[in-house]
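Thank you all for making the time. Please have a look at the structure on the screen before I begin.

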Amino acid sequence: MELFEEMQRHLVDDEKPSEFIKKAAFMESYRRPPFTMIFRLSSIEQSPKYHPEGDALIHTLLVVDEAAKLRDQSTDPVGFMWAALLHDIGKFTTTRMRKGRITSYDHDREGGKLAAEFMSYFPVSQEMVDYVSGMVRFHMHILYINQNLPFGQPKELVRQVPVKDVALLGFADRMGRLGADKEKETKEIRQFKDKMKKYH
């Protein structure tokens, strides 16, 4: 619990939580479950087309710093930051090379389950577990809803997590990569929120 509280303090208080997380990656105390779910992302390559910044951990660190700029706008800043840190942990088990392309299909669904497992290691409320796992589970829904993809479950999203928070996490996710176009991504988030209005 002490390690959890230490990391949480940096996630919630630091302007750039990534600086502590980078140090934690080399600390023996953080090299055991459940923190291994985070640091093993350094071995997961991503599509250079969508993630020119590099592996999944590099991306996660960028996302966490972007999320730190937005956390106070969320309904649950603590849970929001944990969701940002854990949002791609599902990539460890889902990343594959398919027809010459690196893909991570269903990493959001898998990540939601793993996030619940991660949070359940610690004496936090069930509400916190549900919030974090739900945010991870639905963080790809900006894409699904905007492009009318069959993977979208807008009604389920509304039942589980605040649309506003998913939009904030989605924006951090999109900005947490090299060459992100802030104007374009802002329009995408606005479109998502507009489309979701009819569900809540």
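I will take you through one helix, two pockets and one loop residue.

A word on the basis: this is a predicted model, in which local features need pLDDT of at least 70 and side-chain atom pairs count only at pLDDT 80 or more, while totals for chains, interfaces and linings use all residues. Residues are numbered from 1 along each chain as its sequence is written, and side-chain values use heavy atoms, with hydrogens and water left out.

Let me start with helix α1, where helices are DSSP runs of H or I with at least four residues, strands are runs of E with at least two, and both are numbered from the N terminus. Helix α1 covers residues 2-13 and spans 16 Å from its first C-alpha to its last, close to the 16 Å expected at 1.5 Å a residue, the expected span being 1.5 Å times one less than the number of residues. Its buried residues are Leu-3, Phe-4, Met-7 and Leu-11, and because they fall within an arc of 100° when seen down the axis of α1, they line one face of the helix; that arc is taken from the directions from the helix axis to the C-beta atoms. On the other side of α1, Glu-2 and Asp-13 are exposed. Here buried means under 20% relative accessible area, exposed over 50%, and partly exposed in between, with a 1.4 Å probe and protein chains only. The buried residues of α1 pack against several helices, among them α4 (56-70) and α5 (77-86).

The loop between α4 and α5 holds Ser-74. Is Ser-74 buried or exposed? Ser-74 is buried, with a relative accessible area of 9%. Leaving aside neighbours within four places in sequence, Ser-74 is in contact with Phe-80, Asp-165 and Leu-168, contact meaning heavy atoms within 4.5 Å. The C-alpha atoms of Ser-74 and Leu-168 are separated by 7.3 Å, although these residues lie 94 apart along the chain.

Turning to the pockets, about 1,200 Å³ of space lies in the largest one. Of the 40 residues that line this largest pocket, the closest to its centre are Tyr-50, His-51, Met-140, Leu-143 and Arg-177. Helix α9 gives the most to that lining, with four residues.

The second largest pocket holds about 160 Å³ of space, and Leu-168, already mentioned as a contact of Ser-74, is one of the residues lining this second pocket. A pocket is an open set of 1 Å grid points, over the protein atoms alone, where a 1.4 Å probe fits, with protein on both sides within 12 Å along at least five of seven lines; lining residues have an atom within 4 Å of a point.

Key:
Grid points are joined across faces, edges and corners, and a volume is the space filled by probe spheres set on the points.
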